[in-house]
Amino acid sequence: MTIVYDDLGDEAATDVPVRRIRFTINGAKKVAEVEPRLLLSHLIRRGVGLTGTHMGCDTTNCGACTVLVDGTAVKSCTMLAVQVDGHEIETVEGLATASELHPLQEGFKEEHGLQCGFCTPGMMMAAKALLAANPDPTEEEVRWALSGNLCRCTGYQNIVKSVLWAAEKLRASG
Amino acid sequence: MTQALDEIKIGGLGASRKRVEDNRFIRGKGNYTDDIVLPGMLHMEILRSPLAHARIKSIDTSRAWQIPGVHLVMTGEMMATRNLAWMPTLSYDTQAVLATDKVRFQGQEVACVIADDPYIAKDACEAIDVEYEPLPVIVNPDQAVAEGAPVIRDDKENQADNVIYRWEVGDAEGTERAFAQADKVSRLKLHYPRSHPSPIECCGSIADFNRATSKLTVYMTTQAPHIIRAAVALVAELPEHMIRIVSPDIGGGFGNKVPVYPGYVCSILASILLERPVKWIEDKTGNLISTGFARDIYLDGEVAMRSDGKILAVKMHCDADHGAFFSDAQPSKFKIGLLHSAFASYDIPVGHITARGTYSNKAPGGVAYRCSFRVTEAMFFQERMIQAAAQDLGMDQAEFRRVNFVRDDQFPHRTPFGFLTDSGQYAKCLDVGLRAVGYEDFRRQQEEARARGRRLGIGISTMTEPLGAGNSREYDILGIKMFDSAELKVHMTGKAIVRTGAKTQGQGHETTWAQIVSHELGIPAEDIVVEEGDTDTAPFGMGTYASRSTPVAGAAVAMVSRKIRAKARKLAAHLLEVSEEDVEWELGRFYVRSAPSRGVTIQECAIAAYSNMPDGMEPGLENTAYYDPPNLTWPFAVYIVTVEVDPETGVWDVLNMVAVDDCGVRINPMIVEGQIMGGLTEAYAMANMQFITFDAEGNCVGSNYMDYLLPTAWETPGFELHSEVVTPCPHHPIGAKGIGECAAVGGPAAFVNAVMDALSDTGVRNIDMPLLPDRVWEALTYNRDVSGAPPVRSDD
């Protein structure tokens, strides 16, 4: 792999610390060289180039950046890239197989659980973590599980329906 | 005999068609501005002012320039040499791009850095040293006009004070006479607080100036790409045909993505200077502290009534706080938007509205946030004044409204402020709502509960609003008329592409515009692709905001489809070898009137347009329509909320939320309901928790998501939506009206009126939004009104 940089002729540039990390993302093994201060969300979006994970705030409140790290729903803006060294990340791009959508993706389409789509990947990843732990949640449990994800468009009612739709389909398919 | 097409099955009007745009969003394959990467792209960050009002004594950028990876550091002084330090606004004012002499609000743009990487750009911003000399701060209109107040806009030649405009409408004398004859006058003063639309996606742009072609392309978060193209041509002095604005997927707009922000201008200049793409994506703090806010307007209103409840006249005075620059996007004739649509639901003979706009040391704005050009304010004031008037008169809330509603047979109805409302069934709407919420039962429960020390409340809000700006006689922005457009190309196999001058930000245009074409031409919706947002390919339009798309662009889609159908009819006659008068149309098919089994499909007409035209006919099946709406459309609604208020904590819970919306013909009922629920949630947010304000030093309180609270799935109530009342718009080609903003317009008053109703025995007449627990507690404990107007204490 060839990377070309501008020669800025300044010695300070070579002092930028870089750490080498290894991680798996959506099943693919990766190696990266990153600054210690690089956020996980930036590693995913700019480093790996998967832009389905969105960034909507600067205070860890909105949840648009939610991914799964070793199966746990995490706001990727609250982790540094170096922290996923040796770990597994799952993003929205890993939900569908080559031939099939994940029931959560189907559910969001069936129940009109999205409008602008910006919060949607984070919502689905948070929902995925919920359904893995609790395959038959009540409406209240869904709302509580998604309370870390903000949406401005939908009013949440259809998002809840979408998750319950997916839960039912997952239970039916065993 | 061929079977007639089923309009719902092919995805025509009324079909709850699943959304086309979902296919990419659910896969994480949306194309939002920050997702776009161009070769050689650089990154821009903005340095913002920490002070609300201060003279800039010096800016030292030398340390920033020395950071490796920094390509350019721009200041106001640099931009001034290119005449770009100031830019014209959409309201005939000017706005600073980068501050030169002074900073005029906390968060104002002072400098920017372009570097290889956003982290480096941020490092360099921190290395810029600015010396400020603080000046006295103004955070509300009273301070703005007080004796000795500093002039914020001392950059403007003829600006001697902080007043921007004075405006009035109605009949002052007639109103005074009516007030003199009133049996009762009800007065209400309140502050509709500043609010921020806060879509989850922040604003941003990628400016790409190509020296080889002299063309500037800007990918950006804009709800109105053609307006931006005109603005950039004006500001950057580039020829209009060499500017291409591309609005890709947008993560929510709500009016926040209409204005021209300094960040866009800086990225454009940087790209021109560096001849490389420059990306600027703001962070949430930047978005909340500097971009177009909404509301921040004070009301002093009076209702004059007869003892039987009939309203004789209304009076309103409004003070609007616009921040440091008057930059609202609104029809230029109306300084305070469509505030004078207030009281349009009621048959009131006379009224008078006066308004004043002032500057302050806050970010610029006023018109935004699902407001339909200040109709949110108009309807909130209306319903809060109605509530207070009914209470003062001792009349039932529902009955008082019923007595004063415009009756079904009074349409078209001229309001005292000059609007012509087109249609409505207000009383029926109210009936449906009251029945759904169980009004009589609730009043009984409320009484019983009161006897046991519990506070239940029910709030009604009824509204109508003018959507679909607007007719060229009255509506323009910077002189450009507010029509909209649609271009339809039917290909030889009968598939089609439609492009409009609107720009969806989640409203589902890619799904719904196809449904209109399907309705008009019988082409299945899945055979029609919809595109918006690229000024090189989209026909000229004024964009999507103020719920104008269905009324105007949607109408254009219907009209262009009819042009296509008219040409197809000629082709059909040619194919069927009959004269045009003998041809009849049913969905998707022309047939011979006297021999109905002889017909041709629209698809057969399409291929004929390319391969078998009659003599003298221009080939092809493509056309464009521009629609100048004859009037605004007037959807109407009733929102009813029931609450329980905890007297010890001031916390209130929503028990029930009923919405009865009439927006005429619904293109896609599923999408319409989604819009209503979104609007209701924003209404709930404004009424319950969203709080952005300023302390005495002009520090913005609530400039990030830690402090500016948005409701999550946990707090947000469920909604019961009703669609039984349908009054088609008499002048819209498919009978549709706007809907996107109705619930945000009418909703807040329902929540506030419910809480006020729960407190109706205390004599408290107003608590400003948001009705935070400590405010409700204060009102209950001290039996007094509670205001939320700035300045607040810094530790609040």
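**Exercise 1. State how far apart the two domains of chain A lie, and describe the contact between them.**

*Step 1.* The centres of domain 1 and domain 2 of chain A, taken over C-alpha atoms, are separated by 23 Å. The model is predicted: local features need pLDDT of at least 70, side-chain atom pairs count only at pLDDT 80 or more, and totals for chains, interfaces and linings use all residues. Residues are numbered from 1 along each chain as its sequence is written, while chains are lettered from A and ligands numbered from 1 in the order in which they are written.

*Step 2.* In chain A, domain 1 covers 11–94 and domain 2 covers 103–172; such bounds come from an automatic or database domain assignment.

*Step 3.* Across the boundary, 16 residues of domain 1 of chain A are in contact with 13 residues of domain 2 of chain A (contact: C-beta atoms, placed from the backbone, lie within 7 Å).

*Step 4.* On the side of domain 1 of chain A that touches domain 2 of chain A, the elements giving two or more residues are strand S3 (66–69) and strand S4 (72–75) of chain A. S3(A) gives the most, with 3 residues. Helices (H or I, at least four residues) and strands (E, at least two) are DSSP runs, numbered from the N terminus.

*Step 5.* By class, this side of domain 1 of chain A holds 7 nonpolar, 9 polar and no charged residues. Here Ala, Val, Leu, Ile, Met, Phe, Trp, Tyr, Cys and Pro count as nonpolar, Asp, Glu, Lys and Arg as charged, and the others, Gly among them, as polar.

**Exercise 2. Describe the fold of chain A, from its elements to its sheet.**

*Step 1.* Chain A has 5 helices and 5 strands, and along the sequence they follow the pattern β-β-α-β-β-β-α-α-α-α.

*Step 2.* The 5 strands form an open sheet of mixed pairing in the order S2-S1-S5-S3-S4 (chain A). Two strands pair if DSSP finds at least two bridges between them.

*Step 3.* Strand S2 (28–34) and S4 of chain A each have a single partner strand and stand at the edges, so one side of each is left without a neighbour in the sheet. Direction ignored, neighbouring strands of this sheet are turned by 40° against each other on average.

*Step 4.* S3(A) and S4(A) pair in the antiparallel sense over 4 bridges. A:Val67 has A:Val74, in S4(A), as its bridge partner.

*Step 5.* Two helices are placed against these strands. Helix H1 (residues 40–48) of chain A lies across strand S1 (19–25), S2 and S3 of chain A, at about 100° to S2(A). Helix H3 (residues 120–133) of chain A lies across S3 and S4 of chain A, at about 35° to S3(A). Axes are lines fitted to C-alpha atoms, for helices over the stretch in contact, and angles run from 0 to 180 degrees between N-to-C directions.

*Step 6.* Of the 174 residues in chain A, 49% are buried (20 or more other C-beta atoms within 10 Å of the residue's own, C-beta atoms being placed from the backbone). The C-alpha atoms of chain A fill a box of roughly 60 × 30 × 25 Å along the principal axes.

**Exercise 3. Place strand S16 of chain B among its partner strands.**

*Step 1.* Strand S16 (residues 311–321) of chain B is mostly covered, with 10 of its 11 residues buried.

*Step 2.* Strand S15 (residues 293–305) of chain B runs antiparallel to S16(B), joined to S16(B) by 9 bridges. B:Met305 stands opposite B:Ile311 in S16(B).

*Step 3.* The hairpin of S15(B) and S16(B) has 5 residues between the strands, and B:Gly309 takes a positive phi near 100° there.

*Step 4.* Strand S17 (residues 350–358) of chain B runs parallel to S16(B), and 9 bridges join the two. B:Cys318 stands opposite B:Ala355 in S17(B).

**Exercise 4. Characterise the side of chain B that touches chain A.**

*Step 1.* The contact takes 44 residues from chain B and 45 residues from chain A.

*Step 2.* Helix H1 (22–25), helix H9 (284–290) and helix H17 (669–688) of chain B each supply at least two residues of this side of chain B. H17(B) gives the most, with 6 residues.

*Step 3.* The side of chain B that touches chain A comprises 17 nonpolar, 16 polar and 11 charged residues.

How values were computed:
A residue is buried if 20 or more other C-beta atoms lie within 10 Å of its own, exposed if 12 or fewer, and partly exposed in between; C-beta atoms are placed from the backbone.
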